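Visitor: Please take one part of this model and go through it closely. I would like to see how the helices pack on one another and on the sheet.

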Amino acid sequence: MGNRQNEIRSSNLRFTGKEIELAANMLKILEPTIDIMYYLMDLEREQTFVLMLLTAKDIDLNVLLNKEKRETDILYEIDKEESIYVMLCQDTKVDGGYRFAERVIRNIQLDKGTDVYCTELEVRVRHYSPKQVVLKLLETFVKSKQTNKSNEIVFRSLH
């Protein structure tokens, strides 16, 4: 049985059972919203959006994010127990998304929040299915936790 442990955690990305549950929940919540965003991108020709996946301990993240978000941003509670949230920021590009994440992290730290992980994914084009977008966001998040990028913004762009 000892070898099985090493087999599971090879150099390839593997999701734990908890992370697969998280992925399934994120897909259920986010796929319809991304479909709508793609529809808006078709209408407006240039509607870049950013997905921010965020977790922090010792703070009510829901209250803080609701205070920080704009009217056009959409906030989803993905896992209340683990304090994991996704915010979709419409009509946002890499620089605006990054500045927003910096402000959110700074406010979490000011409120004595700990164990902060923040991943952002900019979506500029429709080449990726909503499922691929969600899984890429989660994959980036999992890697940032595995490499202990606490209090950093890990940003990816799909184009």
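Guide: This is a predicted model. Helix α3 (residues 61-68) packs against α4 at an angle of about 140°, and their axes are 11 Å apart. That angle makes α3 oblique to α4, since angles over 145 degrees would count as roughly antiparallel. The crossing of these two helices is right-handed. On the α3 side the contact is made by Leu-61, Leu-64, Leu-65 and Glu-68, and on the α4 side by Phe-100, Arg-103, Val-104, Asn-107 and Ile-108. By class, the residues of this contact divide into 6 nonpolar, 1 polar and 2 charged.

Helix α4 (residues 94-110) also lies across strands β1, β3, β4 and β5, running at about 170° to β4. The strands belong to an open sheet of 5 with mixed pairing, in the order β2-β3-β1-β4-β5. The edges are β2 (74-79) and β5 (153-158); each has a single partner strand, so one side of each is left without a neighbour in the sheet. Averaged over the sheet, neighbouring strands are turned by 15° against each other, direction ignored. Within the sheet, β1 (residues 49-57) pairs with β3 (residues 84-89) in the antiparallel sense, over 6 bridges. Leu-54 stands opposite Tyr-85 of β3.

The sheet is also packed by helix α2 (residues 17-44), which touches β1, β2, β3 and β4 (114-123) and whose direction makes about 165° with that of β2.

Aromatic rings add a detail to the α4 side. The whole structure holds 2 aromatic pairs. One of them is formed by Tyr-98 and Phe-155, a tilted pair with 6.4 Å centre to centre and 50° between the planes. Tyr-98 sits in helix α4 and Phe-155 in strand β5, so the pair links parts of the chain 57 residues apart.

Helix α2 has a helix partner as well. The axes of α2 and α5 (residues 130-146) come within 8 Å and cross at roughly 135°. This makes α2 oblique to α5, and the crossing is right-handed. From α2 the contact takes in Glu-19, Leu-22, Ala-23, Met-26, Leu-27, Leu-30, Glu-31, Ile-34, Asp-35 and Tyr-38; from α5 it takes in Pro-130, Lys-131, Val-133, Val-134, Leu-135, Leu-137, Leu-138 and Val-142. The classes in the contact of α2 with α5 are 14 nonpolar, no polar and 4 charged residues.

How values were computed: Residues are numbered from 1 along each chain as its sequence is written. This is a predicted model: local features need pLDDT of at least 70, side-chain atom pairs count only at pLDDT 80 or more; totals for chains, interfaces and linings use all residues. Side-chain values use heavy atoms; hydrogens and water are left out. Two strands pair if DSSP finds at least two bridges between them. Helices (H or I, at least four residues) and strands (E, at least two) are DSSP runs, numbered from the N terminus. Axes are lines fitted to C-alpha atoms, for helices over the stretch in contact, and angles run from 0 to 180 degrees between N-to-C directions. Contact means heavy atoms within 4.5 Å. Angles under 35 degrees count as roughly parallel, over 145 as roughly antiparallel, 65 to 115 as roughly perpendicular and the rest as oblique. A crossing is left-handed if the near helix is turned anticlockwise from the far one by less than a right angle, and right-handed if clockwise. Ala, Val, Leu, Ile, Met, Phe, Trp, Tyr, Cys and Pro count as nonpolar, Asp, Glu, Lys and Arg as charged, and the others, Gly among them, as polar. Rings of Phe, Tyr and Trp (its six-membered ring) pair if their centres lie within 6.5 Å; planes under 30 degrees apart count as stacked, over 60 as edge-to-face and the rest as tilted.
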